[in-house]
Amino acid sequence: MYTISIFHFVRFESTHDCFYWIFTGLLLLIAGSIQGQNYVKSVGPASGSHRLKVQHFTNGDIVIGDSDLSGLSNGTGRIKLSRLDHCGRTLWTQSYFREDTYLELVDIEVNAENEIFLFGSAFQGFAELLFLMKVGSDGNLLNFQIYETETVDRFTYSIDLQGSRIMVYGLLLDFSTLKEGFVAIFNDNLQFQWARKFSPFESNGEAIFTRDGGIIGWSNGYHYRLSSEGDVIWAGKLLDNSANPIPRAGPVEVTGGYLFEAHKNGESQIYQVNDQGEISWTSRRFSSSPCIPVFAEENGQIVLWYTQDGSTSHELSRIVISSSGEFLEQSTLNLGIGFEAEELSVSHELSRTALVSNSVIVKKKKTDVDDFLMQWEPAISSTCFEIQDYTDAQVGNALTMVPIDTPSFTTTMTAIQISQTSIESNTLFQGEDLCEGQPPQETISIDTFLACEGTWEIMLPRMDLTWDDTTIQGSTRILSKPGTYSASNQDCMNSLLYTYTLAKPDCQCEPFLPTAFSPNGDSQNDVLQMFGNCDLTSLKFTVFDRWGNQIYKGRRTIDQWNGIGENSQQSPPGVYIVHAAFEWADNKGSIQQGSMVQSVLLIR
């Protein structure tokens with residue numbers, strides 16, 4: 001399994017007139033049959049505060065999501081995604097933007113089909129909205145939606161996936177109401193399903209799907225357990241015997257309940273809450289910086305990644321926790337560079353570690369670099385990293401969960417009609433090695449320009465090269481879709497990467513709908529489907545009989561009709577009117593829309 005941790009540094013003011021900074025770093029643990037490479041690299045020029053998030057693809061590649069927070073001042077904020085392989089080579093980098101909207105990334109997830117889902121805030125003038133974005137494993141934009149809530153303000157916190165369901169979590173704020181939390185459910189085509197709001201709530205938090213389909217989350221000291229329909233099962237507030245500790249990490253579901261971490265006065269504790277909302281156990285206290293930590297499950301064990309205040313720099317640390325809250329291991333990972341950190345985000349798959357960081361605008365510690373990317377695999381010897389065991393744990397404070405009254409109400413979100421979203425392909429992830437003795441890395445780039453119907457047949461020039469696409473097998477392939485395709489030798493010690501870039505002019509999508517089909521079960525033309533010279537990202541059929549009665553309306557992302565009406569009965573032979581609404585991504589990655597109406601003969 002892989003573990004990735006990200007730290008953020010974003011400047012904001014507290015109610016006590018103090019300034020805080022969020023540094024962003026990324027940590028990834030990986031082990032498997034393919035050996036990775038240990039490295040520390042600087043990453044591009046500093047350009048203000050960023051928010052970085054990271055997740056894994058099923059083959060162990062990572063995707064890093066980034067938004068430049070400094071763009072809020074001029075409304076030009078963009079979302080940037082980069083896909084890196086196990087050697088740290090950039091397979092693609094894309095920027096997504098809208099001319100009329102500032103986009104700020106908050107969270108990112110990847111599903112089992114390697115589709116990337118992003119959640120965040122969208123600002124159009126004085127309007128504060130939220131956005132959802134769906135991107136393919138190749139970086140092409142599949143869907144983008146902006147939603148408006150019932151309140152003046154809203155803040156976005158986290159996203160989680162479960163099957164075809166998407167759950168987003170955040171804060172609603174209006175001039176005449178208290179702060180209210182919300183959970184909203186969408187399908188995997190980014191269509192709104194339902195939402196519930198509840199109070200009390202504060203200005204932070206995170207929520208996840210539970211294994212039974214429900215939801216558990218927190219906001220400041222408040223904890224909430226919701227049913228799969230959004231009803232509040234229980235709610236409570238965390239207290240101890242002196243002052244209120246502030247939760248910062250979790251929840252993560254384990255046997256017997258859910259784990260959280262809380263921080264107070266430079267110390268942290270881990271605690272477990274059972275399914276009835278009661279504290280099952282609390283861990284010992286340990287020193288920690290204001291850095292927001294994160295849990296990860298590594299080889300069946302729960303690990304908390306966090307940072308400590310060192311004499312000249314922050315120190316990256318980890319604790320392995322038993323099922324009863326005992327510390328099985330406590331250690332620091334010495335990177336050999338100075339950094340500051342204040343937020344972690346972790347993704348785990350195998351046992352290799354990568355870390356990407358953002359610089360702090362005003363540094364309180366000595367730092368050697370601004371932004372950097374790190375990857376560490378323990379099985380590979382390296383002078384870049386050093387693990388040091390230590391212990392500083394003390395007897396923990398007693399924590400209690402006090403029940404609170406938390407009513408919930410239905411709320412709604414309305415999709416906003418938007419213009420196209422643009423994509424720009426960027427150069428490869430820039431990075432300068434900061435570790436001595438790094439193995440060489442060679443990249444060979446080949447490109448061509450073809451007409452709309454042109455294809456490009458490529459045979460890889462070496463036997464040890466394989467395509468980096470997870471679905472492509474063999475050394476030869478025919479390319480017809482514009483984009484950049486890569487193949488590598490999988491050897492990080494003697495790294496070789498070939499990139500093939502196919503460009504085409506702007507080509508119109510020319511779909512074709514057959515004039516007849518025969519759903520008789522003979523596997524020949526049994527369904528009505530659309531063909532064409534472009535890859536459709538959405539297709540919906542609406543079918544009417546000769547009298548104008550609607551008999552079918554598609555609900556799948558890419559629709560097809562098998563002749564069964566909405567009454568679940570076979571439609572009789574005859575002529576039907578079919579309305580097809582479709583979307584496709586043009587050569588620039590922008591989503592285009594089209595429709596057609598045609599008569600179709602159903603034959604039985």
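A polar contact here is a pair of N or O atoms within 3.5 Å, and within protein one must be able to donate a hydrogen and the other to accept it. I start with that because my first entry turns on one such pair. The model is a predicted one.

**Entry: Thr156**

I looked up the side chain of Thr156 and found a polar contact of 3.0 Å to the side chain of Ser121. Thr156 sits in strand β13, which covers residues 153–162. Is Thr156 buried or exposed? Its relative accessible area is 7%, and the limit for buried is under 20%, so Thr156 counts as buried.

I then listed what Thr156 touches beyond four places in sequence: Val106, Phe119, Gly120, Ser121, Leu130, Tyr169 and Gly170. Ser121 therefore appears both in this contact list and as the polar partner. I also checked Asp107, which is 49 residues from Thr156 in sequence and 8.7 Å away in space, C-alpha to C-alpha.

**Entry: the whole chain**

I stepped back to see the setting. The protein chain has zero helices and 49 strands. Of its 604 residues, 54% count as buried. The accessible surface comes to about 26200 Å², and carbon and sulfur atoms hold 48% of that. Among contacts with a separation of 6 or more, 58% are between residues 24 or more positions apart.

**Entry: the nonpolar cores**

Which residues have the most contacts inside the largest nonpolar core? They are Leu81, Ile116, Leu118, Phe131 and Met133, in a core of 22 residues. The elements that each give two or more residues to this core are β7 (79–84), β8 (90–97), β9 (102–110), β10 (116–124), β11 (127–135) and β12 (141–148).

A second core, separate from that one, has 19 residues, including Phe517, Cys534, Leu539 and Phe582.

I picked Leu118 for a closer look at the 22-residue core. Setting aside residues up to four places away in sequence, Leu118 touches Ile79, Leu81, Leu105, Asp107, Ile108, Phe131, Leu132, Met133 and Val135.

In the loop between β7 and β8 I found Asp85. Asp85 counts as buried, with 5% relative accessibility. Its contacts beyond four places in sequence are Asp61, Leu91, Gln375 and Ser488.

**Entry: two open sheets**

The sheet I traced to begin with has five strands in the order β17-β18-β19-β20-β34, is open, and pairs in the antiparallel sense. Its edge strands are β17 (206–209) and β34 (399–403), each pairing on one side only. From one strand to the next the twist averages 20°. I followed β17 to its partner β18 (residues 215–219): four bridges join them, antiparallel. Ile208 stands opposite Ile216 in β18.

Another open sheet has four strands, ordered β39-β44-β43-β41, and its pairing is mixed. What is left at its edges? β39 (441–449) and β41 (466–467) each have a single partner strand, so one side of each lacks a neighbour in the sheet. β39 runs parallel to β44 (residues 495–503), and nine bridges join the two. One of the pairs I checked is Glu442, whose bridge partner in β44 is Leu496.

**Entry: backbone oddments**

I noted two cis peptide bonds. One joins Ser199 and Pro200, with omega about 5°; Pro200 lies in the loop between β16 (192–198) and β17. Another joins Gly250 and Pro251, with omega about 0°, and Pro251 is in strand β21 (residues 246–254).

I also noted positive phi values outside glycine. Leu190 has phi near 65° and lies in the loop between β15 (180–187) and β16. Asn525 has phi of about 55° and lies in the loop between β45 (516–517) and β46 (536–544). Their surroundings read as opposites: Leu190 is buried at 1% relative accessible area, whereas Asn525 is exposed at 55%.

**Entry: Ile603**

My last stop was Ile603, in the segment after β49 (591–602). Ile603 is partly exposed, since its relative accessible area is 39% and that class lies between 20% and 50%. Beyond four places in sequence, Ile603 contacts Ala516, Phe517, Ser518 and Pro519. Phe517 is one of the residues in the second core. Ala516 is 87 residues from Ile603 in sequence, yet the C-alpha atoms of the two are 7.2 Å apart.

Technical notes:
Residues numbered from 1 in each chain as written. Predicted model: local features only at pLDDT ≥ 70, side-chain atom pairs only at ≥ 80, totals over all residues. Heavy atoms only, no water. Pairing = 2+ DSSP bridges. Axes fitted to C-alpha atoms, helices over the stretch in contact; angles between N-to-C directions. Buried < 20%, exposed > 50% of the residue type's maximum accessible area, 1.4 Å probe, protein only. Contact = heavy atoms within 4.5 Å. Areas by Shrake-Rupley, 256 points an atom, 1.4 Å probe, with all protein chains shown as cover. Core = buried A, V, L, I, M, F, W, Y, C linked by side-chain atoms within 4.5 Å.
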